[in-house]
Amino acid sequence: MNATADPGALPADAGRRGPLDRVLNLFSDVRGGEGTTALLLLLNVFLLLASYYLIKTIREPLVLAAEGGGAEIKSYASAAIAGLLILLVPVYSAIASRVSRVRLINGVTLFFIACLAAFFVWARAVGVPGALPGEADAAGGAAAVAGGGQLALGVSFFIWVGIFNLMIIAQFWAFANDVYTVEQGKRLFAIVAFGASLGAIAGSWGAEQLIESFGLYPLMGIAAGILALCIVLTNLVHARERGHAKERAAAKSNDPAAAAQGDADAAITGRSGFALVFADRYLLFIAGLMILLNVVNSTGEYILGETLTNIARDRVSQGLLAEADIGAWIGSFYGNYFFWVNTVSAIVQLFLVSRIIKFIGVRGALLVLPVVAFGAYAILAVAPALAIIRGAKIAENSLDYSLNNTTRQTLFLPTSREAKYKAKQAIDTFFVRFGDVLSAGLVFAGTTWLAFTPKHFAMVNVGLILLWLGVAFAIGRMFRERAGGEA
């Protein structure tokens with residue numbers, strides 16, 4: 001193939017780079033005319049993540065401060081999320097089969113905005129503190145509202161947030177996969193995904209600042225306004241790129257039917273998300289990858305939390321820490337921990353991800369995280385010290401949020417439109433949450449029946465990572481075959 005010929009390139013790619021293209025080209029290979037769409041997508045996912053972290057700030061005190069609430073209730077609610085997704089994914093697929101991509105995205109986002117309005121009204125109805133500016137709020141230590149009203153609200157909101165976070169992000173990346181070709185996505189996803197890293201940081205910081213001025217629950221309204229801006233950005237990208245998919249499909253086969261399939265205004269026909277996953281070995285392996293990744297990561301979070309709790313108790317017994325200060329001590333640790341995870345993730349995303357994918361390819365990039373995780377948990381199985389666990393989890397999570405996340409999104413580039421929207425929704429929601437449920441089951445069995453310590457859980461993770469490596473290697477080989485055919 002002629003190296004200068006790019007059958008997936010946009011018409012504007014043949015032109016010279018503009019100022020925006022040249023700035024973004026410092027971080028990845030951005031060609032003429034590509035910078036504007038990449039920046040719009042970056043802003044879109046930035047706002048999505050910022051809105052999620054605002055909402056996440058409300059979620060924790062609402063379920064934990066309610067009378068009868070607590071961490072155990074959260075565990076049950078997480079299992080309920082997986083069960084509900086079994087019902088929601090087919091509904092999403094059915095809707096996608098009847099509307100165009102932009103109507104699908106607009107409709108789902110508007111639904112989530114309406115849910116936020118309904119939850120705010122519900123919070124006012126049950127008398128939740130902090131529902132208006134100036135009121136005492138649960139985050140500030142107000143007493144829990146008596147009765148079951150707040151608990152029902154807290155559990156419902158916790159479940160809704162778990163579904164919202166997974167579905168809205170999966171939908172965004174389905175749209176990005178639909179906009180770009182395989183060749184473009186491998187170059188530009190690193191830039192787009194940087195918006196997610198920034199959004200997580202901005203949302204976490206902004207939530208703290210906004211609560212001081214507006215209280216806790218008005219953040220729902222602010223998050224709804226941000227989601228409305230996301231709709232505007234989605235429609236701008238759709239308007240810019242709507243003709244390119246159709247042009248590419250027609251150019252490949254010189255067939256009007258192919259051009260119709262590439263029409264961005266056409267309905268996303270085909271089978272449901274689950275049917276697509278189980279009918280395609282490539283998609284099924286990606287689903288298995290997501291399950292393994294989340295079992296390992298969630299179990300690692302348990303190792304960190306359990307070790308931290310045990311150390312806090314030891315410090316109390318030694319007189320080094322007051323029992324009343326345990327929460328503040330753990331909170332301080334996690335504040336520093338999340339800061340470094342997000343900071344390292346943003347640096348890796350901005351300066352390394354595009355270069356790693358360029359030099360070792362998608363296949364090689366898929367293996368980086370499991371290799372690092374294998375080394376980390378192998379060390380933990382021998383020396384489960386807090387400093388080692390902290391460093392291992394910072395490395396694991398920062399790579400997961402940056403390189404691994406970008407690479408995972410790239411896997412859907414050489415798939416059909418229905419796979420991008422429907423199968424991806426199933427994989428990024430149900431199969432992700434199913435991995436968390438399996439991890440919870442592992443922790444329950446290990447602590448209840450097997451008397452596992454953090455060291456034993458680290459050993460289990462080592463075994464799971466070996467399986468993860470095999471699945472990632474197979475996916476990388478299948479991606480190369482499919483991407484080669486696409487090119």
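Okay, one term before anything else: when I say a residue is buried, I mean that its relative accessible area is under 20%. Take Leu104, which sits in helix α4, residues 101-125. Leu104 has a relative accessible area of 2%, so it counts as buried. And please keep in mind throughout that what you're looking at is a predicted model.

Let's stay with Leu104 for a second. What does it touch, if we skip residues up to four places away in sequence? The list is Tyr92, Ile95, Ala96, Val99, Gln171, Ile268 and Tyr421. There's also a pairing with Ala267: the two are 163 residues apart along the chain, yet their C-alpha atoms are separated by 9.1 Å.

Now the whole chain. How many helices and strands does it have? There are 15 helices and 0 strands. Of its 487 residues, 51% count as buried. And if you take contacts between residues at least 6 apart in sequence, 82% of those join residues at least 24 apart.

On to the core. In general, nonpolar side chains of soluble globular proteins tend to be buried together. Here, the largest nonpolar core has 138 residues, and Trp160 and Trp468 are the ones with the most contacts inside it. Which helix gives the largest share of this core? That's α5, residues 149-179, with 18 residues.

Have a look at Trp468 up close. Leaving out neighbours within four places in sequence, Trp468 is in contact with Leu289, Leu292, Leu293, Val296, Leu369, Pro370 and Ala373. Remember Leu293, since it turns up again in a moment.

That brings me to helix α13, residues 386-410, where we find Arg408. Is Arg408 buried or exposed? It's buried, because its relative accessibility is 14% and the cut-off is under 20%. Its side chain makes a polar contact of 3.0 Å with the side chain of Asp400. Beyond four places in sequence, Arg408 touches Met290, Leu293 and Asp400, so there's Leu293 again, as in the contacts of Trp468.

Asn404 is in α13 too. With a relative accessible area of 2%, Asn404 is also on the buried side. Not counting residues up to four places away, Asn404 touches Leu293, Leu366, Leu369 and Leu399. So this polar residue has a set of leucines around it.

Next, bent helices. Helix α12 runs over residues 353-382, and a straight helix of those 30 residues would span 44 Å at 1.5 Å a residue. How far does α12 span between its end C-alpha atoms? Only 31 Å. If you follow α12 along, you'll find a kink of about 115°, centred on Gly361.

Compare that with α6. This helix has 33 residues and reaches 44 Å from its first C-alpha to its last, close to the 48 Å expected. There's a kink in α6 as well, of about 50°, and it's centred on Leu188.

While we're in α6, residues 182-214, find Lys186. Lys186 is partly exposed, at 33% relative accessible area. Setting aside residues up to four places away, Lys186 touches Ile357, Val362, Thr410, Leu413 and Phe479. Leu413 is 227 residues from Lys186 along the chain, and the two C-alpha atoms are 8.6 Å apart. Further along α6 is Leu210. This one counts as partly exposed as well, at 24% relative accessibility. From Leu210 to Ile222 it's 12 residues in sequence and 9.4 Å in space, C-alpha to C-alpha.

A quick word on cysteines. A disulfide is a covalent bond between the sulfur atoms of two cysteines. How many disulfides does the structure hold? The count is 0. As for two of the cysteines, Cys115 is buried at 13% relative accessibility, and Cys230 is buried at 3%.

Last stop: the loop between α14 (417-448) and α15 (454-486), where you'll find Ala451. Most residues other than glycine have a negative phi. What's the phi of Ala451? It's near 55°, a positive value in a residue other than glycine. Ala451 counts as exposed, because its relative accessibility is 58% and exposed means over 50%.

That's my tour, thanks for listening.

Methods: Residues are numbered from 1 along each chain as its sequence is written. This is a predicted model: local features need pLDDT of at least 70, side-chain atom pairs count only at pLDDT 80 or more; totals for chains, interfaces and linings use all residues. Side-chain values use heavy atoms; hydrogens and water are left out. Helices (H or I, at least four residues) and strands (E, at least two) are DSSP runs, numbered from the N terminus. The expected span of a helix is 1.5 Å times one less than its number of residues. The bend at a residue is the angle between axes fitted to the seven residues ending there and the seven starting there. A disulfide is a pair of cysteine sulfur atoms within 2.5 Å. Buried means under 20% relative accessible area, exposed over 50%, partly exposed in between (1.4 Å probe, protein chains only). A nonpolar core is a set of buried Ala, Val, Leu, Ile, Met, Phe, Trp, Tyr and Cys residues joined through side-chain atoms within 4.5 Å. Contact means heavy atoms within 4.5 Å. A polar contact is a pair of N or O atoms within 3.5 Å; within protein, one must be able to donate a hydrogen and the other to accept it, and residues adjacent in sequence count only if both atoms are side-chain atoms.
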